[in-house]
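The following exercises ask the reader to examine a protein chain step by step. Each task is followed by a worked solution.

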Amino acid sequence: MKKIHQIELIPHGQMVAVISGRSHHVQLFPMSALDGRKTDIHKLAETKGCQTVTSGTVCQGAHTCLCVARKSQVFCYKLFQSKKISHRKFKELQIPTNVQWMGIFSEQLCVGFQSGFLRYPLRRERIPYRMLHSHDPTLSFIAHQPVDALCAIEISSIEYLLCFKSIGIYTDSRGLRSRPAELMWPATPSYCYSLSEMRGRLIFGLSYTEPRASHDQAPPPKGAAPISSGLSAS
């Protein structure tokens, strides 16, 4: 049994992408595999050593897209399924440093790395857009105190919520701060993910690692669940 590192559901293409095994290869399965049916496996050979994947659509929803990160490289594929799954690489990106998170929205690939996020247009060859503007003095502390990226959330076509391990900040399409408010976590998050949009409010969840009890504190009871939190980002 191979160890599973990540599962990415691809509803538009009726597929599932899985990172598994010691080699961290990406394999694609038809969605019907989730029902226990025997299906063909489509392996992306050049993805050995990848750390994360994300999926979405391009060309106004006409094509399914899968992006695979391997250290500071990202491979972008169009996926096809008739009788068998096939793929075609249409773009290869070089990221300034190792990729920590990826997401696709508005036909752009958003890449998170230490102390920064970039948006790469998927359809055209253009320079990436910085989601944190270096000329905004209110954001300079992020570059001076390197912090890992957790995720980015598209609030609207002109505003984003950028989540780092120590803070969440709102920026506009130019990378400038859009709101004075900042989101602070009660403990260091181990992961962050977008849940759903409900009545204009975007909910996201955080899971935390329990801090070790000090000599003056009673240890947590055995079997205690990790702290969890839901925050609103409307």
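**Exercise 1. The chain as a whole**

Task: State how many helices and strands the protein chain has, and describe its burial, contacts and surface.

Solution.
Step 1. The protein chain contains one helix and 19 strands. The model is a predicted one.
Step 2. Of the 234 residues in the protein chain, 44% are buried.
Step 3. Among contacts with a separation of 6 or more, 38% join residues 24 or more positions apart.
Step 4. The accessible surface amounts to about 13500 Å², and carbon and sulfur atoms hold 52% of that surface.

**Exercise 2. The second largest pocket**

Task: Describe the volume and the lining of the second largest pocket.

Solution.
Step 1. Rolling a probe the size of a water molecule over the atoms shows where empty space is left. The second largest pocket has a volume of about 270 Å³.
Step 2. Twelve residues line the second largest pocket, and those nearest its centre are Ile-4, Val-18, Ser-20, Gln-27 and Phe-29.
Step 3. Two or more lining residues come from each of strand S1 (4–10), strand S2 (15–20) and strand S3 (25–30). Strand S2 contributes the most, with three residues.
Step 4. By chemical character, the lining of this pocket consists of nine nonpolar residues, two polar residues and one charged residue.

**Exercise 3. Ser-20, His-25 and Lys-43**

Task: Classify Ser-20, His-25 and Lys-43 as buried, partly exposed or exposed, and list the contacts of each, leaving aside neighbours up to four places away in sequence.

Solution.
Step 1. Ser-20 belongs to strand S2. Its relative accessibility is 6%, so Ser-20 counts as buried, the limit being under 20%. Outside its sequence neighbours within four places, Ser-20 contacts Lys-2, Lys-3, Ile-4, His-5, His-25 and Gln-27.
Step 2. His-25 is part of strand S3. With a relative accessible area of 11%, His-25 is likewise buried. Not counting residues up to four places away, His-25 touches Val-18, Ile-19, Ser-20, Lys-43, Leu-44, Ala-45, Thr-47 and Lys-48.
Step 3. For one of these partners, Lys-48, the C-alpha atoms can be compared: His-25 and Lys-48 are 23 residues apart in sequence and 4.6 Å apart in space.
Step 4. Lys-43 is located in strand S4 (residues 42–44). Lys-43 is partly exposed because its relative accessibility is 42%, a value between 20% and 50%. With residues up to four places away left out, the contacts of Lys-43 are His-25, Val-26 and Gln-27.
Step 5. Between the C-alpha atoms of Lys-43 and Phe-29 the separation is 9.1 Å, and these residues stand 14 residues apart along the chain.

**Exercise 4. The cysteines**

Task: Determine how many disulfides the structure holds, and explain why Cys-110 forms no such bond with Cys-151.

Solution.
Step 1. A disulfide is a covalent bond between the sulfur atoms of two cysteines. The structure holds zero disulfides.
Step 2. The closest cysteine sulfur to that of Cys-110 lies in Cys-151, at 9.1 Å; because a disulfide requires sulfur atoms within 2.5 Å, this is too far for a bond.
Step 3. Cys-110 is buried, at 0% relative accessibility. Cys-50 is also buried, at 1% relative accessibility.

**Exercise 5. Positive phi values**

Task: Locate Cys-59 and Glu-107, and give the phi value and the burial class of each.

Solution.
Step 1. Most residues other than glycine have a negative phi.
Step 2. Cys-59 has a positive phi, near 55°. Its place is the loop between strand S5 (52–58) and strand S6 (63–70). A relative accessible area of 27% makes Cys-59 partly exposed.
Step 3. Glu-107 also has a positive phi, of about 60°, although it is not a glycine. Glu-107 sits in the loop between strand S9 (101–105) and strand S10 (108–113). With a relative accessible area of 18%, Glu-107 is buried, since the limit is under 20%.

**Exercise 6. Thr-171**

Task: Is Thr-171 buried or exposed, and which residues does it contact?

Solution.
Step 1. Thr-171 lies in strand S15 (residues 168–172).
Step 2. The relative accessible area of Thr-171 is 0%, so the residue is buried.
Step 3. Beyond its neighbours within four places in sequence, Thr-171 has contacts that include Met-131, Leu-139, Ile-158, Tyr-160, Leu-176 and Arg-177.

Technical notes
Residues numbered from 1 in each chain as written. Predicted model: local features only at pLDDT ≥ 70, side-chain atom pairs only at ≥ 80, totals over all residues. Heavy atoms only, no water. Helix = DSSP H or I, 4+ residues; strand = E, 2+ residues; numbered from the N terminus. Buried < 20%, exposed > 50% of the residue type's maximum accessible area, 1.4 Å probe, protein only. Contact = heavy atoms within 4.5 Å. Areas by Shrake-Rupley, 256 points an atom, 1.4 Å probe, with all protein chains shown as cover. 1 Å grid on protein atoms, 1.4 Å probe; cavity = no way out; pocket = protein on both sides within 12 Å on 5 of 7 lines; lining within 4 Å. Points joined across faces, edges and corners; volume = space filled by probe spheres on them. Nonpolar A, V, L, I, M, F, W, Y, C, P; charged D, E, K, R; others polar.
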